[in-house]
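Let's take a walk through this structure, one chain at a time. Keep the view open and turn it as we go.

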Amino acid sequence: MRVRIRGARLVDPRRRQEELADLLIADGRIVGRGPAPDFHADHTIEAEGLVVCPGLIDTFARLREPGFEYRATLASELKAAVRGGITRVVTPPDTDPPLDEAGLVEMLRFRSEALGLAHVHPVGALTLGLKGERLSEMALLAEVGCVALGQADVPIADSLSLFRAFQYAATFDLPVWLTASDPWLAAAGCAHDGEVAARLGLPGIPACAETIALARLLELARATGVRLHVQHLSSAASLPLLAQAKASGLPVSASVSALHLACSEHDIGHFDTHTHVIPPLRSQADRAALAQAVAEGLIDVIDSNHTPVDDDAKAVPFAESEPGATGLELLLPLTLAWGRERGLDLAAALAPITDHPARLLGQENAGHLGEGAVADLCLFDPEARWQVTPESLASLGKNTPLLGQTVQGRVVATLVAGRPVFSR
Amino acid sequence: MNLLPEAETLYARLRERLAPDIDRFDALVGIHSGGVWLAERLQRELAPAKALGSIDISFYRDDLAQRGLGRSRVRASHIPFPVQDARILLVDDVLYTGRTVRAAINELFDYGRPARVELAVLVDRGERELPICARYVAHTLPQPLPADERLELARNEAGLFTLRTLRDEPPTTR
Amino acid sequence: MSHPQLDEHGRLQHLLSLDGLPREVLLQILDMAEPFLEVTEREVKKVPLLRGKSVFNLFFENSTRTRTTFEIAAKRLSADVINLNVSTSSTTKGESLLDTIDNLCAMNADMFVVRHASSGAPFLIARHLRERGLEHIHVVNAGDGRYAHPTQGLLDMYTIRHYKKDFSRLTVAIVGDVLHSRVARSEIAALTTLGVGELRVIGPKTLLPVGLEQFGARVFHDLRQGLRDVDVVMMLRLQNERMKGALLPSKEEYHQRFGLTPEKLALAKPDAIVMHPGPLNRGIEIDSAVADGPRSVILPQVTFGIAVRMAVMSLLAGQGAQA
C-alpha cells in the first residue's frame with residue numbers, strides 16, 4: 001500500500017523543521033517527500049491547509065482496563081486517543097488487578113492490538129499490587145512488552161523497599177516511572193495548599209509533598225543508577241532539584257500534564273470537582289514556571305494524565321470526589337496553546353508530545369518524519385476552534401475543567417503505520 | 001377623574017369626626033407609614049394621654065412569594081401597651097382592598113385579645129376584596145382609581161400632609 | 001464568574017457563603033433582622049410570613065444546636081419544619097447526596113437548610129437545583145466543612161454592629177483554630193466586606209491556614225500581643241480531635257497560650273466585647289470568668305441568631321416567585 005499525503009505543512013519536531021510538501025508512504029513507513037511525480041500512490045490524502053506531524057505519544061493515560069470498565073474501556077479510550085491524534089499510549093499499572101503479572105500485560109497488549117487503533121505500551125507494576133512491599137517480576141514484565149516499571153501515582157512509603165526496587169530494576173537497566181508525592185503530606189489533601197484552598201476551606205497538599213518525594217527519588221536514583229522518569233510534576237519548587245540532578249548527569253526525565261500548563265488553583269472556582277486532579281493544580285506562578293521549564297527542555301514531556309471518571313464520582317462534594325480529568329482529546333489543543341503562549345514555532349511546540357516521548361520510550365522510528373520512520377501520523381487543522389462539550393469527546397470520561405471552553409487545533413485524520421484509523 | 005381634596009383638609013375632617021368618640025378608645029395604632037403619621041398627630045392633638053402604637057404589616061402580608069419583602073426597609077412593630085382587653089383605634093391613610101387592615105388585625109391579635117378594634121382612614125378608595133369597613137372616614141372617592149395607581153400619604157418637613165398618586169407599580173395590598 | 005448564590009438579576013437565590021456576598025445584600029440582611037428581633041420579644045413569637053412553606057433541615061453532620069436555631073427561626077415564620085438527620089456514612093453507602101435532594105424535591109420542599117461535613121456541599125446542591133430547573137427551591141448553608149457558616153457570620157456582624165456601630169474604626173481579633181473553622185472563614189469574609197479597620201488572627205501555626213495575609217489579616221502567634229487594644233474578641237471553639245494528629249500537644253498548653261482569661265482580656269480595650277459561636281469549652285479556649293463576665297455577649301449572639309436566620313429565610317422566600 002502506497003499513500004501520498006498531498007500539500008500539507010510537514011512539521012518534524014525532531015529536526016525542528018517545517019516544509020510545504022507531499023509526504024510519501026509505502027508499506028507503513030515514510031519513504032520520502034516532495035512532488036515525486038514518479039511515486040504512484042494507491043491512495044492520496046488531500047491535506048492542503050493541514051499540518052502533518054508525527055502521531056502524538058502520550059506517556060500517561062489511564063485506559064481503565066482491566067477493572068474499571070464502568071468508567072471507560074480500551075475500545076472507547078483508544079478511539080478517543082486516535083481522535084486526539086495520539087498513536088502511542090503509555091498506560092500506567094493502576095488497573096484492577098494492577099499490572100503486576102506478565103499474563104495481564106499480555107492480555108492488555110493482545111486486546112489493544114486487536115482493536116487496531118493506537119499502540120499501547122503498558123508500564124508494569126514495580127511492586128506486587130502496587131503495595132510497595134514485594135518486588136514484581138520486572139524482567140518478565142519487560143519481556144512481555146512493558147516499557148517501564150512504575151506505581152502510577154501510588155507512593156512507596158518505605159525507603160528501603162524503594163531502594164531495593166531501584167537496585168533490581170537497574171540490574172536489568174529497566175526504567176522506573178514514578179510520581180513524586182509524599183504519602184503523609186499528601187494524604188489528607190485535595191487541593192494545592194495555597195490561596196484558594198485556604199479561602200475555600202479545602203484540605204491542602206503543600207508543594208513540599210512533591211519536593212520532598214522528588215529529592216528522595218533523585219537520591220535513590222543517584223545511589224542505584226536506575227533510569228528514572230518523574231511523572232507530571234506540579235510545582236515550581238521541584239524544578240531546581242530536577243535541574244541539579246540533570247546537570248550532575250543523572251539519567252532522569254520528567255513530564256508535566258497538559259492540564260497543569262493550562263489551569264491553576266483559581267480554576268477551582270466554586271468547588272468545580274472537575275479541577276480535582278492528582279497532583280493538584282497549583283498557583284499561577286507554578287503554572288508559569290512549569291510552562292517555562294518545558295520550553296527550556298528541563299521538563300521533557302507533556303502527558304495527558306488522562307483519567308476518565310464517571311459523572312457520579314464527580315457529583316459529590318469536592319474533597320469526596322474522585323480525582324482525575326479526561327485528557328486524550330485535549331493533549332494537542334492544550335499543547336498548542338502552551339506553544340502559542342511561549343511564542344514557539346509548531347515544531348518546537350509539538351516536540352514534548354512527539355519527539356521527546358519517542359526518545360523516552362526508545363522508539364527511534366517514531367516521533368519524527370524522517371525516511372524510514374513508522375508512518376504514525378497526525379493531520380490537524382491548527383486554526384480550527386472547537387468547543388469542549390461532553391458530546392465533542394469520544395472518551396467515556398467527560399470530566400474536564402475545560403467543559404464549555406473553546407480550544408484551538410483540531411485533529412482531522414490519524415494514521416497508524418500508514419493506515420487511516422480516524423478521519424473526520 | 002377624581003379630584004382629591006387637600007390632605008390637610010381631610011385630616012381636619014377626620015379629627016373632627018373622631019373628637020367626640022375619642023374616649024371610646026384606650027390606644028391608637030397607626031399602620032406604616034402614613035397611618036403612623038396620622039395616629040401620632042391625632043394622639044397629640046386629641047388625646048396625648050392615650051397609648052400610641054405602630055404596626056408594620058410586612059411580616060403578615062399574604063403575597064410574600066409574589067412580591068417579596070421589597071426594597072423598602074421593614075420596621076419593627078411597636079405596641080407599648082397591653083393589647084389584652086384594650087379598645088384600639090387602628091389608623092391608616094388609605095383603605096382599598098382591605099388586605100392591609102386584615103394583616104394589621106392579625107398582627108394585633110398576636111399581641112393579645114383586644115376588647116374592640118375600630119378603623120379610621122383618611123381616604124376610602126373603594127373596591128374592597130374583604131368584608132372590612134372603616135367607622136371613621138374623611139373622604140370617599142366617588143369613582144374607583146385605575147388599579148395600577150397607588151394613593152398614599154406624604155408628610156413634609158413641617159409635618160404637613162399631602163396626598164400623592166404613584167403609577168407603574170403593581171397593585172399593593174391596600 | 002457570577003456567584004451561584006445570586007440569580008441573574010443579582011438577587012439572593014441561596015445563602016451559600018459570605019465570601020462573594022455583595023455588601024448591600026449583607027447590610028440588607030442585617031437591617032431586616034432588626035424588626036424580627038422585635039418579633040422574638042413579643043408574647044406570640046410568630047408571624048405568618050412563611051405560612052405553608054416547607055423548610056427541610058438537612059443535617060448530614062449532627063448539630064443539635066444549629067439545627068434548633070434554624071428550626072425556631074422557621075417556626076417563628078410559621079413554616080412547616082421537617083428535620084432530617086442524615087449521617088454521612090449512610091449516604092456514602094447507599095443513596096448519594098443528590099439522590100436525597102431529588103427525593104425531597106419530589107416532596108415539594110421550598111427550602112433546604114443544609115449542614116455537611118464537606119466544604120462546598122451546598123454549592124453542589126444549588127448547582128443541581130439549577131440544572132433541574134428547580135430554582136424556586138432555596139438553599140441555606142448551615143455550615144459546610146471548613147468553608148462557610150454564613151448565618152453564624154451574619155449574626156456575628158449583627159452583634160458587632162449592635163454594640164460597636166462603625167466597622168471601619170474597629171480592631172477585631174479572631175482567636176483559635178482558624179484552619180478548621182468555617183465560622184472563622186465566614187467572619188473574615190464578612191468583616192472584610194464591611195471594611196473593618198483592622199483584622200487580627202491569633203493562633204498557633206498548626207491551626208492557621210497558609211496565606212492569611214491575602215485576606216488582609218495581621219497574624220499573631222502570641223495572644224497577649226494580639227489582644228492589645230482590640231474592640232472585639234471573637235473566640236473559636238477548639239475541637240477535641242485537634243489533640244490527635246500532632247496539631248496540639250494538650251488542652252492545658254493550649255489554654256495556657258491561647259485560652260482567654262480575664263488577665264489576658266485586660267489587654268484589650270476596656271469596652272471590648274467577647275464573642276463565641278458556642279458550644280463553649282470552658283477552661284480550654286475561654287475561662288468561665290470571661291464567658292460569664294460583663295464583656296461577654298455570647299448569649300445575645302444566640303438571640304440575634306434567631307432574628308438573623310428569620311431575616312435570611314424571609315429574604316429568600318420573598319425572592320422565589322418574583323419574575
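In chain A, 75% of the contacts with a separation of 6 or more are between residues 24 or more positions apart. Bear in mind that this is a predicted model. Chain A has 14 helices and 18 strands, and buried residues make up 60% of its 424 residues. How does its radius of gyration fit with a compact globule? A compact globule of 424 residues would come in near 22 Å, and chain A has 21 Å, so the two agree. If you want a feel for the extent, the C-alpha trace of chain A spans about 65 × 50 × 45 Å along its principal axes.

Now for who touches whom. Two pairs of chains touch, and of these the pair A and C has the most contacts. Chains A and B, on the other hand, do not touch, and their nearest C-alpha atoms are 27 Å apart.

Swing over to chain B and look for its open sheet: 5 strands, in the order β2-β1-β3-β4-β5, with parallel pairing. β2 (51–55) and β5 (136–140) of chain B stand at the edges with a single partner strand each, so one side of each has no neighbour in the sheet. On average, neighbouring strands here are turned by 20 degrees against each other, ignoring direction.

Inside that sheet, β3 (residues 87–95) and β4 (residues 116–124) of chain B run parallel and are joined by 8 bridges. Along this pair, Leu90(B) sits opposite Leu119(B) of β4(B). Helix α4 (residues 99–111) of chain B packs on the sheet, touching β1, β2, β3 and β4 of chain B, and its direction makes about 155 degrees with that of β3(B). Helix α2 (residues 34–46) of chain B lies across β1 (27–31), β2, β3 and β4 of chain B, and runs at about 155 degrees to β1(B).

Last stop, chain C. An unreviewed UniProt entry lists several residues under "binding site", among them Arg65(C), Thr66(C), Arg115(C), Gly278(C) and Pro279(C). Arg65(C) belongs to helix α2 (residues 64–76) of chain C, and Thr66(C) is also placed in helix α2 of chain C. Which of the two is buried, and which exposed? Arg65(C) has 12 other C-beta atoms within 10 Å, so it counts as exposed. Thr66(C) has 23 C-beta neighbours inside 10 Å and therefore counts as buried. Leaving aside residues up to four places away in sequence, Arg65(C) touches Gly278(C) and Pro279(C), while Thr66(C) touches Arg115(C), Ala142(C) and Gly143(C).

Notes:
Residues numbered from 1 in each chain as written. Chains lettered and ligands numbered in written order. Predicted model: local features only at pLDDT ≥ 70, side-chain atom pairs only at ≥ 80, totals over all residues. Helix = DSSP H or I, 4+ residues; strand = E, 2+ residues; numbered from the N terminus. Rg over C-alpha atoms; globule rule 2.2 N^0.38 Å. Buried ≥ 20, exposed ≤ 12 C-beta atoms within 10 Å, placed from the backbone. Contact = placed C-beta atoms within 7 Å. Pairing = 2+ DSSP bridges. Axes fitted to C-alpha atoms, helices over the stretch in contact; angles between N-to-C directions. UniProt positions renumbered as here; feature names shortened; annotations may be inferred.
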